[in-house]
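Okay, thanks for making time, everyone. I'll walk through the contact between the chains and then a few backbone oddities.

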Amino acid sequence: MSGPAVGLIGYGAYLPSYRLGGDSGVRGRRVVASFDEDATTMAVEAARAALGTEPTSLWWASTSPPYLDKTNAAAVHAALRLPSAVPAADLIGSARSTFAGIRAARETGGLVVAADVRVGKPGSLDERTGGDGAAATRPPVSLDERTGGDGAAAVHFGAGEAIADVLGVAGETLELLDRWRDPHRTTGEQWEERFGFERYADVVRSVAARLLEEAGLAAADHVVVTSGNPGVTKRAGSLVTGTLSSTTSPIGFSGAADPLLGLAAVLDVAGPGETVLVLSATDGCDGLLLRTTAHLSARRSTRPVAAQLEGALPVPYPTYLSWRGLLERELPRRPEPDRPAGPPSARAAEWKFGFAGSRCTECGFLHLPPLRVCRACSAVDAMETVSGAELSGSVATFTVDRLAFSPSPPVVDVVVDFAGGGRTTLEVADADPDGIAVGSQVELVFRRLFTAGNVHNYFWKARVR
Amino acid sequence: MASKGIKDAVAIVGMGCTRFGERWDSSTDDLLIEAVGECLTSAGVARDDVDAYWLGTLNSGQSGLALSRPLGLDYKPVTRVENYCATGSESFRNACYAVASGAYDRVMAVGVEKLKDSGFSGLLRADPPSDGTAAELSLTAPAAFSLLDPAYTSKYGVDPRAMREAMTHVAWKNHVNGAQNPKAQFRKEVSRETIDGAPRVAGRLGIFDCSGVSDGAAAALVVRAEDAYDYTDRPIFVKALSLASGPMRGGLDPDYDFTSFPEVVHTATDAYAQAGITDPRSELSMAEVHDCFTPTELVLMEDLGFADRGQAWKDALGGDFDAAGRLPVNIDGGLKSFGHPVGASGLRMLYEAWLQLRGEADQRQLADPRLALTHNLGGRPGGCVSFVSVVGNERG
């Protein structure tokens, strides 16, 4: 390796606000992406949390890509307003893809962001009403619906002041029929978990041993073991043990995001100079060994995973099923919207994806969206581009639209006046129709307004703080 | 610098208007033939004596062919115009200018809309391909106008319950008026309890706060004022025509507070200047205004100068704009109860002025009206087109 040492310089995690409601029969807190979230929008939120400086490359990993044949990472790139010279690529398929990004980014520097919406087949009524005593006759459990989770996390490698040094990356490969999915289906299948566990146990121990030996360590302080195989995660603490903590996924199996979410949860609490070993068992095992630095405590994520797990909104089970396309509901008697068109979307990319407006250099009036002719002083083409995504604002007026087409009605719309000037009208994300008032404080989040004609309409929404 | 105006240069000498409503048995063509036929009969003019036509429709047809084909017009100039919900007024405005210019002797303004064939609720938009980010693309019209309600109560410190009562009063009044109108879509009085308890559509707007979605057509024959008495002994004269298209600044500017339509203020001021009106409250006998949603009518009372700022809700509750009030507003039922076939609505407003100023409004006839105002609006709070006309039954 040449040039300055590449270390971990930032990380971030994003968990959606919704949890499956009690009517689903799921015990615990199944983290659920909203109808307007996908692996691209959640990746944007995790990346926003992770980035302090511009990354030299962008790697987006997912098992639930919103598009094929079109680079999903490009929308993330646009939302982050990265220079076009920063390459961006998708790593799609299994939870292993994330480690392909880690391998690349720890060599050259770059942001690895992984995100997933995990969809399982709906659970049966028997399962929901059956107690532990009925375990012997329980039908198969839908792992992804019951014990999975939706979320995103990002790690940023670069030459700057590291929050953790990379001690090693290692991996081993197994050809194994443990989890698989027909590319045309949203839900997958799994073999008996004990079969996979037995095969995984050996490679997990082997990768851990290699990394620790190369680093001259007897054990790591923190060990995170994640896997789509529940046998592995159930025994995560005993497979490889950390001297300070032994953990697994903080939300249940979240696909490509899982190893990074596990790592983020540890970095949220780890002390300086502590070693962290992340092991991800998917068709083999990948491992990343880090040692935190004294800079970590000052640059932890402002939104720790544990804090994001709290304060959630329950979503009724039928609503959840309709969000995932597993239950078709009656829609308002309104036409479906037109698909966003390619050329206008490209011309407006800085606005649509980056929420960048224009500020008049003559009078200072901020235009959201950007305009060429100033609305305040009529100056023409006297504009500078201004980033708006990090602005916060207050609600000037609002409405709950029960007639508008939406994948999840009603639509709540707010007119937002931004601190420091500028106004625009936005849909509200994660909306509680009764929780909005004139003066409510909002921030911006990247979402998918709707999908029409197989085109996802990405844009920003307001979320009440 | 405002428009110079064409006060008393042209007059309406005939009008037609179909019954508005769910006209399942009538096509757009049928509605046009009905309205144009009634207009020709009213003026005592043969079809071939009309020199030119302006046709207003939002979505029910394209080009002049949408009128020349159903009527079988032989090579007449027909222009189709569109200006959102002010389309009918735009058709009339252009017809007036065509006569005033001296280019034609007799010009017909026609407006039509066939909304009920779509199977959808409310208005549909035909938008050009876009980036998908504009709120107008998703926010429905009732939602856009419902923004007025919290903004108004918050600005003027009005108890939201009192505001709700005022909105209910507007719907109640316009239903009472419409019940007296044989051409109205809804010919039934509706109790305040029913209006208030209706399912919510957007914000605090229930279904009775929204104008009727309907099919219909209307037409007016315009001639030079000096020729008007050749056609009828009771022509009505055009005193003012004003149109303003806003810069759509309100949606971008935190200084806009969603309690007014600046476009309406501009057109009202301009129209009063053209007509020589200094005190609209005492000089106007009646007003037909764009009550697309109940809070719209309240805000319009202030923008048109009929009520002081922050007081329209109180004046409305006091009955000032009822049929027996100080200034009857939407005596024909308005968009609320007469219905709102978009391209026809501006001409429908003039049709009521025509009937009232000629003393032909039967059971809803006002006592000795002289000057009438029509106000037509297209768009939404923050950015719209606004039209105001003043017409009277005396020249000079």
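So, let's start with the interface: 33 residues of chain B are in contact with 39 residues of chain A. On the side of chain B that touches chain A, the elements giving two or more residues are α4 (141-146), α5 (148-156) and β5 (200-202) of chain B. If you split the residues on that side by character, you get 17 nonpolar, eleven polar and five charged. And keep in mind that this is a predicted model.

Now the backbone. Most residues other than glycine have a negative phi, and most peptide bonds are trans. Here are some exceptions to look at.

In chain A, the peptide bond from Leu368(A) to Pro369(A) is cis, with omega near 5 degrees. You'll find Pro369(A) in the loop between β17 (366-367) and β18 (383-387) of chain A. Pro409(A) and Pro410(A) are also joined by a cis peptide bond, and omega there is about 0 degrees. Pro410(A) sits in the loop between β19 (392-401) and β20 (411-418) of chain A.

Over in chain B, look at phi. Asp8(B) isn't a glycine, yet its phi is positive, about 65 degrees. Asp8(B) is in the segment before β1 (10-17) of chain B. Is Asp362(B) buried or exposed? Asp362(B) is exposed, because just 10 other C-beta atoms lie within 10 Å, and the cut-off for exposed is 12 or fewer. Asp362(B) has a positive phi too, near 50 degrees, and its place is the loop between α13 (342-358) and β10 (371-380) of chain B. Asp8(B), on the other hand, counts as partly exposed because it has 17 C-beta neighbours inside 10 Å.

Note on methods. Residues numbered from 1 in each chain as written. Chains lettered and ligands numbered in written order. Predicted model: local features only at pLDDT ≥ 70, side-chain atom pairs only at ≥ 80, totals over all residues. Contact = placed C-beta atoms within 7 Å. Helix = DSSP H or I, 4+ residues; strand = E, 2+ residues; numbered from the N terminus. Nonpolar A, V, L, I, M, F, W, Y, C, P; charged D, E, K, R; others polar. Buried ≥ 20, exposed ≤ 12 C-beta atoms within 10 Å, placed from the backbone.
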